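Let's take a friendly look at a protein and its ligand. Keep the picture open as you read.

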Amino acid sequence: MSRLAKKGIINLKPYEPGKPIEEVKRELLLEEVYKLASNENSLGPSPKAVAAIKKVLKDINRYPDGSCYYLRVKLAEKLNVDPENLIFGNGSDEIMEIIVQTFMNQDEEAVIAEPTFLEYRLIVQASGAQIKTVPLINFKYDLDGMKRAVTDKTKVVFIANPDNPTGSYLNDREITKFLDGLSENIIVVMDEAYYDFVDAKDYPDTMKYLKDRNVIILRTFSKAYGLAGLRIGYGLANAELIDCMNRVRQPFNVNMLAQVAALASLDDSQHLKRSVATVLKGKKYLYRKLDKMGLSYIPSETNFILVDVRRDGREVFEKLLRYGVIVRDMKPYKLDSHIRVTIGTQKENNKFIEAFKKVLTEV
Ligand SMILES: Cc1ncc(COP(=O)(O)O)c(C=O)c1O
């Protein structure tokens, strides 16, 4: 029956999410399991978000506000843009899907790095549009190569900055050079899911491109804001592009709980600060430990680290599970000798290092 699926779907490998804690507990009969696999916020959501959700629980018989009015107004003010420059999605994943559906015809191409965040490829392939991939150089986007890959058929370029799974970033000069002279028929998606964790001083302020460039910036409440389970992200672009995307967007795509939680989270700058500080501190700690263990890793501007384990990464991943630590196997990204570990709390980072040391003697 699978022959009934659209062209492109048969060869599609479904996205493999990080293993859920409950599944590992159940399967391996473990009581304590630490998940460092999906780049979530280990501190949890803001208590203000939880309180806001409790307040509206009695109203969930109603449809949510399809325009995300209060969130839109607040975020527009915070980012110094017009409310019309914003679109909200069921996670930023959904906005990627809306972008492809809105702008890509079947014979048009998306230029994508290889490897990078897997959703870009999946979404474009499922839509039936074309993909052109450009390999990373030294675990970093090859923007010159991506520019050379652009043709008359190119409609969208996806740039994860910072990137997942490498954690590397592109600086202001590199992005400016890439955009310089790029055809006006091309939409550049700047996926800034890890924006809040960036420490690098030369990281680009892409907001400056919104006025006169076909740039769509994507950000999310899933990472630094700790709302991954609710699914809410947003896109920023010029109002005309947003208007086109709103024609495709489902009318109630962002649920009520996500909207109030995101709104309340914007008011909790302390929680955001604590979350970012935890990641920066944890990153230094993990770098130190990995250095001592003689392992190399990619310097990261995100809340995760890509580590070269110099052996089969999947085996390391599986053995770590037995010690109750879930990291991410990098086989789907064709980085077979790597694992990706999310930076957690001090306790979680410790557990990871303890288990990791044991595993490396076994594999
Ligand atoms: C680069 C990148 N973009 C987007 C997302 C998805 O974010 P959301 O939870 O908002 O769909 C992720 C999640 O891991 C990511 O790594």
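Rings of Phe, Tyr and Trp (its six-membered ring) pair if their centres lie within 6.5 Å; planes under 30 degrees apart count as stacked, over 60 as edge-to-face and the rest as tilted. Tyr15, Phe117, Tyr120 and Phe158 form one aromatic cluster, and the structure holds 12 aromatic pairs. One of them joins Phe221 and Tyr234, a tilted pair with 5.8 Å between centres and 50 degrees between planes. Both Phe221 and Tyr234 are buried (under 20% relative accessible area, 1.4 Å probe, protein chains only).

This is a predicted model, where local features need pLDDT of at least 70, side-chain atom pairs count only at pLDDT 80 or more, and totals for chains, interfaces and linings use all residues. Residues are numbered from 1 along each chain as its sequence is written, and side-chain values use heavy atoms, leaving out hydrogens and water.

Now to the ligand. It is surrounded by 13 residues (each with a heavy atom within 4 Å of the ligand), and this shell divides into 4 nonpolar, 5 polar and 4 charged residues. Here, Ala, Val, Leu, Ile, Met, Phe, Trp, Tyr, Cys and Pro count as nonpolar, Asp, Glu, Lys and Arg as charged, and the others, Gly among them, as polar. The table gives some polar contacts (pairs of N or O atoms within 3.5 Å) to oxygen atoms of the ligand.

| Residue | Part in contact | Distance |
|---|---|---|
| Ser92 | backbone | 2.7 Å |
| Thr220 | side chain | 2.6 Å |
| Arg231 | side chain | 2.8 Å |

Conventions: Polar contact = N/O pair within 3.5 Å; in protein donor to acceptor, adjacent residues only side chain to side chain. Buried < 20%, exposed > 50% of the residue type's maximum accessible area, 1.4 Å probe, protein only.
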